[in-house]
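Please look over the sequence and the fold below before reading on. The report that follows goes through the sheets, the helices and a few single residues in turn.

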Amino acid sequence: MRLFIFDDYQALSRAGAALVAEVVAARPTAALVLATGVTPMGLYQELAERRDRGAFDTSQLRIFQLDEYLGLGPDDQRSLFLWMKRAVLAPWAITPANVARLPGNSSEPQVACRVYDRAIEAVGGFDLAVLGLGSNGHLGFNEPPADPTSRTHIVALTEASVESNARYWGGRDQVPRQALTVGLAWLLAARHILLVVSGEHKRAILRRVVEGPVSPETPASYLQKAANVTVIADKAAWGDITQVT
């Protein structure tokens with residue numbers, strides 16, 4: 001695990017964009033699984049600007065959705081797919097044929113999870129996973145206690161996740177209680193993993209992920225055992241940079 005601390009969110013976003021661009025330059029047909037949430041939005045925008053300048057080729061990328069609320073269709077204003085469409089798919093001009101959507105509105109979600117796993121298998125797994133860090137240490141919606149061998153599955157959201165997502169829904173009572181998520185087995189096996197963390201409110205959980213014991217109670221701590229993991233954070237999220245080893 002490599003850890004880099006940056007002065008502010010802008011520097012963090014530029015660094016994250018540079019890493020993604022490097023992976024894609026080496027493999028233009030890369031399969032990427034991408035988080036939504038606030039933190040990675042800056043690096044996605046940086047990459048959109050690179051594409052506009054002709055410095056980032058997205059024409060052959062395969063994009064996979066990381067998670068989705070159960071019961072929501074792709075055009076629902078609250079869906080994570082629509083968020084990804086606005087933040088990545090449209091600005092990067094990704095063709096629909098190169099997008100794998102988690103069907104939160106499937107009438108048979110268990111079957112949909114198995115179909116999604118087969119889609120991941122068909123591309124040989126992920127070349128790059130861009131992940132945010134939940135306040136309870138989750139990756140995607142892999143809530144604690146998390147199974148590091150899990151594949152795509154249905155999950156019940158913890159109260160911590162409901163609370164952190166309430167601002168997007170107009171109150172905690174409006175937040176769905178279940179979701180679909182790509183499992184930790186797929187994420188930990190990605191050939192490159194980028195964890196992006198910003199803000200003082202993530203400081204305690206980031207330290208547990210990087211320095212604490214590997215535990216199902218802190219799902220992201222399993223990144224300590226994965227290969228080729230890069231963690232980028234701003235000073236607000238890490239604190240005293242003299243403690244970086």
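Helices (H or I, at least four residues) and strands (E, at least two) are taken here as DSSP runs and are numbered from the N terminus. The structure is a predicted model, in which local features need pLDDT of at least 70 and side-chain atom pairs count only at pLDDT 80 or more, whereas totals for chains, interfaces and linings use all residues. Residues are numbered from 1 along each chain as its sequence is written, and side-chain values use heavy atoms, with hydrogens and water left out.

**The parallel sheet**

Strands of a sheet pair through backbone hydrogen bonds, either parallel or antiparallel. In this report two strands are said to pair if DSSP finds at least two bridges between them. By that rule, seven strands form an open sheet with parallel pairing, in the order 1-10-9-6-2-3-5. Strand 1 (2–6) and strand 5 (99–100) stand at its edges, each with a single partner strand, so one side of each is left without a neighbour in the sheet. Strand 1 pairs with strand 10 (residues 229–234) in the parallel sense over five bridges, and within this pairing L3 has V231 of strand 10 as its bridge partner. Helix 1 (residues 9–26) packs on the sheet and touches strand 1, strand 2 (31–34), strand 6 (128–132), strand 9 (193–197) and strand 10. The direction of helix 1 makes about 160 degrees with that of strand 10, where axes are lines fitted to C-alpha atoms, for helices over the stretch in contact, and angles run from 0 to 180 degrees between N-to-C directions.

One residue of strand 10 deserves a separate look, namely A233. A233 is buried, with a relative accessible area of 0%; buried means under 20% relative accessible area, exposed means over 50%, and partly exposed lies in between (1.4 Å probe, protein chains only). Leaving aside neighbours within four places in sequence, A233 is in contact (heavy atoms within 4.5 Å) with F4, I5, F6, L12, V197 and L206. The C-alpha atoms of A233 and S13 are separated by 9.5 Å, although these residues are 220 residues apart along the chain.

**Helices and their packing**

Two packed helices are described by the angle between their axes and the distance between the axes. The axes of helix 1 and helix 2 (residues 41–52) come within 8 Å and cross at roughly 60 degrees. That makes helix 1 oblique to helix 2, given that angles under 35 degrees count as roughly parallel, over 145 as roughly antiparallel, 65 to 115 as roughly perpendicular and the rest as oblique. On the side of helix 1, the contact is made by Y9, S13, R14, G16, A17, A18, V20 and A21, and on the side of helix 2 by M41, G42, L43, E46, L47 and R50.

Eight of the 10 residues of helix 3 (residues 80–89) are buried, so this helix is largely enclosed by the rest of the structure. The buried residues are L80, F81, L82, W83, M84, A87, V88 and L89, and they pack against strand 2, helix 2, strand 3 (62–65), strand 4 (67–69), strand 5 and helix 5 (159–169). In helix 7 (residues 203–211), the residues I205, L206, R207, V209 and V210 are buried. These buried residues of helix 7 pack against strand 1, strand 9, strand 10 and helix 8 (235–238).

**The antiparallel sheet**

Three strands form another open sheet, in the order 4-8-7 and with antiparallel pairing. Strand 4 and strand 7 are the edge strands, each pairing on one side only, and the twist averages 30 degrees from one strand to the next. Strand 7 and strand 8 (residues 178–181) pair in the antiparallel sense over four bridges, with Q178 in strand 8 as the bridge partner of A156. Helix 4 (residues 109–122) lies across strand 7 and strand 8, running at about 125 degrees to strand 7.

**Backbone details in loops**

The peptide bond from P144 to P145 is cis, with omega near -5 degrees, and P145 lies in the loop between strand 6 and strand 7 (153–156). Two residues other than glycine have a positive phi, as the table sets out.

| Residue | Phi | Loop | Relative accessible area |
|---|---|---|---|
| A93 | about 55 degrees | between helix 3 and strand 5 | 39%, partly exposed |
| N228 | near 55 degrees | between helix 7 and strand 10 | 36%, partly exposed |
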